[in-house]
Amino acid sequence: MKTVYINIVIMLFLWSCKEEQAKRENNAFSESLLTSYVNTFIGTDGPGNTYPGATLPFGMVQLSPDIGIPGWDRIAGYYYKDSIISGFSHTHLTGTGAGDLYDILVIPTNSRFSERIKENNYKPFSKFSHEKEKSAPGYYTVDLLDYGIKAELTTTKRVGIHRYTFPKDSATAIHIDLGYALNWDKPTDTFIEKVNDSTLHGYRKSTGWAKDQRVYFVMQFSKPFHGYTVFKNDSINSLPVQGENTKIVVNYNTSENEQIVIKTGLSTADIQGALASLEQETKDFDFDHYKKKAEETWEKELQKMKITTADVDKKTIFYTMMYQSMLAPTLLSDTNGNYKGANDTIARAVGFDRYDTFSLWDTFRAAHPLYTITQPERVPDMIKSLLAHYKETNKLPVWSMQGNETNMMIGYHAVPVIVDAYFKGFEFDVELAYKACKESAMVNDRQIDVYKSLGYIPIDEHHENWSVSKTLEYAYDDWCIAMFAKDLGREDDYEYFINRSKNWENVYNNKRSWIQPKSNNGDFIEPFIPKEYTPYFCESNAWQYYWFVPQNIDGLIEKTGGNERFTQKLDSMFSYAPEPGDKLPIFSTGMIGQYAHGNEPSHHVAFLYNYVKRPSKTQELTQEILSKQYQNQPNGHCGNEDCGQMSSWYIFSSLGFYPVNPAQGTYLLTSPIFEEVVIQLPEGKVFTIKAKNLSKENTYISNVTLNGTSLEQLFITHKTIINGGVLEFEMSDKPNDAKFINMGLPEINKIYQ
């Protein structure tokens, strides 16, 4: 008996050792693959409006499931709470409030299920379960339960790749639906032609948020289809077929577990470009090969920042935010360099990749500054893309998508993106860039003519006048042009635009200490209630826009009444919570008092305590926002992700710094949340951020050193980062504002190169 007992103990010990070894191996595997920490479902519930499907960094294809039912919650085509899938389309927007794209819907079916419902416009669909669904960077899979079909998706930059595993069935079919539309999207002209029994080509032209969208495609099947049925406006037709609403259903006999792979090459220019994309990016139908390449591509990107933390949720959120920061802008040019231009011609990008989907009102704040650190090889092409838009339209883009100007939102925020890249040393045509910036600020549309004449934009009867917001944002962009002009030696332009950058003062009511709407005759509008959402502020109220003078925070402090009064107003911003009866618009989410993290105008405000000798308040608030407004769950975004801005805010703030003035090349400090971050830079350089004594209690900064020397300022420069080095924070459980009272801040009207 004793021998048996000893043997059992030995067996348990050996089993335990093997289990520990397996855990170590699994942990080592997880540590080596940062893609395993990406949760692509974050933001697919709630207001995030993200999609879980397959794409590559800044890729043309976003191959993702569509629920097929319209609505605000389904702007990205998918909503986590839903239970059906109506197919997989090849293009999607990430985290916006615009229901557009959804090009070229594909869904496999068979004889097992034929129910149709009004809610998805009587399209084929299948129920699905999250238990039979999985997603990772560059890969998505789900079981279509009603058909017994397993769907898998992966992608190259310009080719969407499907793999369907079928049960045995003589009525297997694959539907390619060009008439499918959702939300704002509407097809205007579609075309399908059969090349042979395993190849289709055609196009889908549509209108929506962007008025003239064009997607040309070539679709190849790994198995020839034995028959097909063609539809035009839901009536049977023949090939080739053209019309607003066309569809082809190709037919197969499938054996048990038979797999069929579909490849779809895209171009916005022509069918030849789609074919070139297909031929150059995919040589065969080896789905697993392309899936592996997609994972490797994402892994390479994520390895640019290696964080050290024991908190798996924090690690998951961080790498998901890195992933989501790279979903836009997206490729517009095909492998031949051709693309649909913003002037509706077919243009050609020579020597660079043409990008579009520039959500500039959002992304100029943090996403584009982040790209100057993480995407230095792509930044020049992004700038050249903005300049291509200028050459095509004589103006820089405002919010461009799929070779169209949507004119959504306000400002001319391509300007700070270009100016920031210029001062950071990225190569592009500087003379052309300066000309584009200046001319875009001198046009007479979007009320810029009135702004030039009066020095502010007055109220009018327009539904979204946004007069105060426009005045403030134009003034900031003017400061950027002034800095550009000064560096180029254009003194007259510098004087002109630096004076225009002071136009924010023209809507400042000194008597009330508020930035307020004004009439044509110069009178401030009364009654005026700062917390109300009115047509005079863009998706915000007066509380949220009060702080948007990033070019002159010192001047705003002085106008407010000095440091003490400014601090009091900041305190009120974060404590004056909406009352139960207050009507909050859909974009006022992530609220802390009047601060709304779910929308962009508030994003820099927590860092302003640094300017009034209260950096501990910045540290407290950024910690609160990081921990409460971002979660490792489908409802993990407190607002629209907005093409990388919400995620970029998280990345910067979690590292311990943020660009309050996005074009100045400076980053204001706050508390980091990771023990260590290693940023891989070009030329083998490394920038390391360490947080000594960091713990749940030790969230305040007691000291900061750069390369072993105490830092004498509350910011670091871009040059500091790209030169490589070590930024070390010493953390404490107590605020230490006295330590930082005499520390320097970014100077007004100075760019730090």
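## Helix 15, a buried threonine and some unusual backbone geometry

Helix 15 covers residues 563-575, and at 1.5 Å a residue its 13 residues should span 18 Å; the end C-alpha atoms are 18 Å apart, which agrees. Please keep in mind that this is a predicted model.

Let's look at how helix 15 sits among its neighbours. Its buried residues are Phe566, Thr567, Lys569, Leu570, Met573 and Phe574. They cover an arc of only 165° around the axis, so they are on the same side of helix 15. The background here is simple: an α-helix has 3.6 residues a turn, so residues three or four places apart point the same way. On the face turned away from that buried side, helix 15 carries the exposed residues Glu564 and Ser575.

What do the buried residues of helix 15 pack against? Their partners are three helices and three strands by name: helix 13, helix 14 (553-560) and helix 16 (615-628), together with strand 28, strand 29 (591-592) and strand 30 (595-596).

Next comes Thr670, which belongs to the loop between strand 32 (666-669) and strand 33 (676-680). Is this loop residue buried or exposed? Thr670 counts as buried because its relative accessibility is 0%, with the cut-off for burial set at under 20%. Its side chain makes a polar contact of 2.6 Å with the side chain of Thr622. Beyond its neighbours within four places in sequence, Thr670 is in contact with Phe607, Thr618, Gln619, Thr622, Ser653, Gly656, Phe657, Ile701 and Phe729.

The backbone also has a few spots worth a look, gathered here.

| Site | Backbone feature | Value |
|---|---|---|
| Ala328 and Pro329 | cis peptide bond | omega about -5° |
| Glu526 and Pro527 | cis peptide bond | omega about -5° |
| Tyr122 | positive phi, not a glycine | phi about 65° |
| Ser513 | positive phi, not a glycine | phi about 55° |

For the cis bonds, Pro329 lies in the loop between helix 4 (312-324) and strand 21 (330-331), while Pro527 is in the loop between strand 28 (514-515) and helix 13 (542-545). Both of those latter elements, strand 28 and helix 13, are among the packing partners of helix 15.

As for the positive phi angles, Tyr122 is placed in the loop between strand 5 (105-109) and strand 6 (126-127), and it is partly exposed, with a relative accessible area of 46%. Ser513 sits in the loop between strand 27 (508-509) and strand 28; at 12% relative accessibility, Ser513 counts as buried.

Terms used
Residues numbered from 1 in each chain as written. Predicted model: local features only at pLDDT ≥ 70, side-chain atom pairs only at ≥ 80, totals over all residues. Heavy atoms only, no water. Helix = DSSP H or I, 4+ residues; strand = E, 2+ residues; numbered from the N terminus. Buried < 20%, exposed > 50% of the residue type's maximum accessible area, 1.4 Å probe, protein only. Polar contact = N/O pair within 3.5 Å; in protein donor to acceptor, adjacent residues only side chain to side chain. Contact = heavy atoms within 4.5 Å. Expected span 1.5 Å × (residues − 1). Arc of directions from axis to C-beta.
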